[in-house]
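Here are some exercises to work through with the model open beside you. Try each task before you read its solution.

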Amino acid sequence: MKCGEVEQKLIDNFWPGPLTIIFNKNEVVPKTVTAGLDTVAIRMPENEIAKRLIEYAGVPVAAPSANISGRPSGTVVEDIKDELDGKVEYIIDGGAVDIGLESTVVKVENDAIHILRPGKVTKEMIQDLGFVVQVQKQVLGECKTDETVMSPGMKYKHYAPKTKCLLVYSEDEEKLIEKINEVIEEESGSVLVMAKAQNLSKYSTDHKIDMGSDLESISKNMFTLLRKVDSYNVGLAIIEGVEAKGIGLAIMNRLIKACENNYIEV
């Protein structure tokens with residue numbers, strides 16, 4: 001893998017940490033690791049358990065998220081056991097995650113940094129280093145099956161409960177609440193609302209999930225809460241959106257994918 005000046009500056013500022021960089025691979029990297037692609041995604045985690053495992057291995061470790069493809073990522077050991085028990089030989093309980101979201105994924109092309117998956121390392125943080133940063137349109141938009149993308153993972157459904165989900169967002173909090181209550185009234189079956197703590201009492205349904213009161217708590221709890229949606233056995237789950245800035249961009253990316261692009265902005 002060849003590391004250019006831009007990649008090196010990203011490494012110096014964000015590694016170890018939640019930033020994944022796409023490199024052109026060489027023959028040392030097996031095709032089974034890259035799904036046959038000519039690129040490989042690399043990061044250096046700051047989690048102490050992960051770092052010690054890499055040290056003990058003595059080689060780079062291929063490590064996907066702790067979930068079955070398409071399902072919400074596992075962020076607490078109980079969820080991981082439910083999904084992977086019997087499918088892997090060992091599960092190490094390192095406690096609840098600090099961030100909750102997967103890493104930011106970037107690719108450098110023509111000295112511009114393209115965000116393929118937003119995360120804790122935000123667009124604004126990278127821009128502060130003086131780089132041109134572009135967020136791929138598929139981050140918040142639907143990706144067509146025949147569309148060319150920088151990462152094949154951008155094409156597929158992710159993080160999704162089995163329950164039908166609808167994401168609703170407005171810059172105006174009153175309009176947001178009004179629209180969600182309108183959808184609740186229009187639905188013939190039972191409805192679950194997943195919303196910020198301060199808004200829960202404003203919704204006219206008995207089924208509610210507290211997302212937290214700020215972006216940090218929402219990002220940390222989101223995957224665990226998405227896993228709980230199916231336990232309510234409702235016909236529709238309505239999820240409050242957030243402003244797509246800072247870590248809010250990563251939250252909205254995950255929620256749009258979880259709702260399979262079933263999204264209303266008012």
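**Exercise 1. A salt bridge and its partners**

Is Glu-243 buried, partly exposed or exposed?

Solution. This is a predicted model, so start from its computed accessibility.
- Glu-243 has a relative accessible area of 41%, which makes it partly exposed.
- Next, look for its partner: Glu-243 forms a salt bridge with Lys-245, with 3.6 Å between the closest N and O atoms.
- Lys-245 is itself exposed, at a relative accessible area of 54%.

**Exercise 2. Bridges across the sequence**

Find out which parts of the chain are linked by the salt bridge between Glu-216 and Lys-120, then do likewise for Glu-173 and Lys-196.

Solution. Begin with the total, which is 9 salt bridges in the structure.
- In the pair Glu-216 and Lys-120, the closest N and O atoms are 2.8 Å apart. Glu-216 belongs to helix α7 and Lys-120 to the loop between β4 and α5 (123–127), so that distant parts of the chain, 96 residues apart, are linked.
- Both ends are partly exposed: Glu-216 at 43% relative accessibility and Lys-120 at 27%.
- For Glu-173 and Lys-196, the closest N and O atoms are 3.8 Å apart. Glu-173 sits in helix α6 and Lys-196 in the loop between β7 (191–195) and β8 (207–210), so this bridge ties together parts 23 residues apart in sequence.
- Here the ends fall into separate classes, since Glu-173 is partly exposed at 32%, whereas Lys-196 is buried at 11%.

**Exercise 3. Cysteines**

How many disulfides does the model hold, and why does Cys-165 not bond to Cys-259?

Solution. Recall what is being sought: a disulfide is a covalent bond between the sulfur atoms of two cysteines.
- The cut-off for a pair of cysteine sulfur atoms is 2.5 Å.
- The cysteine sulfur closest to that of Cys-165 is in Cys-259, 4.9 Å away, which is too far for a bond.
- The count is therefore 0 disulfides by the 2.5 Å rule.
- As for setting, Cys-165 is buried, with a relative accessible area of 4%, while Cys-3 is partly exposed at 36%.

**Exercise 4. An enclosed helix**

Describe the length and the surroundings of helix α8 (residues 247–258).

Solution.
- Helix α8 has 12 residues and spans 17 Å from its first C-alpha to its last, close to the expected 16 Å.
- 12 of the 12 residues are buried, so α8 is largely enclosed by the rest of the structure. Among them are Asn-253, Arg-254 and Lys-257.
- The buried residues pack against several elements, including β4 (112–117), β6 (165–169), α7 (215–228) and β9 (236–240).
- After the helix comes Glu-260, with a positive phi near 55°.

**Exercise 5. Unusual backbone**

Which peptide bond is cis, and where do Ala-35 and Asn-110 lie?

Solution. As background, most residues other than glycine have a negative phi, and most peptide bonds are trans.
- The bond from Trp-15 to Pro-16 is cis, with omega near -10°, and Pro-16 lies in the loop between α1 (5–14) and β1 (19–24).
- Ala-35 has a positive phi of about 55°. Ala-35 is in the loop between α2 (31–34) and β2 (39–42) and is exposed at 71% relative accessibility.
- Asn-110 has a positive phi near 55°. Asn-110 is in the loop between β3 (104–109) and β4 and is exposed at 78% relative accessibility.

Terms used. Residues are numbered from 1 along each chain as its sequence is written. This is a predicted model: local features need pLDDT of at least 70, side-chain atom pairs count only at pLDDT 80 or more; totals for chains, interfaces and linings use all residues. Side-chain values use heavy atoms; hydrogens and water are left out. Buried means under 20% relative accessible area, exposed over 50%, partly exposed in between (1.4 Å probe, protein chains only). Helices (H or I, at least four residues) and strands (E, at least two) are DSSP runs, numbered from the N terminus. The expected span of a helix is 1.5 Å times one less than its number of residues. Contact means heavy atoms within 4.5 Å. A salt bridge is a side-chain nitrogen of Lys or Arg within 4 Å of a carboxyl oxygen of Asp or Glu.
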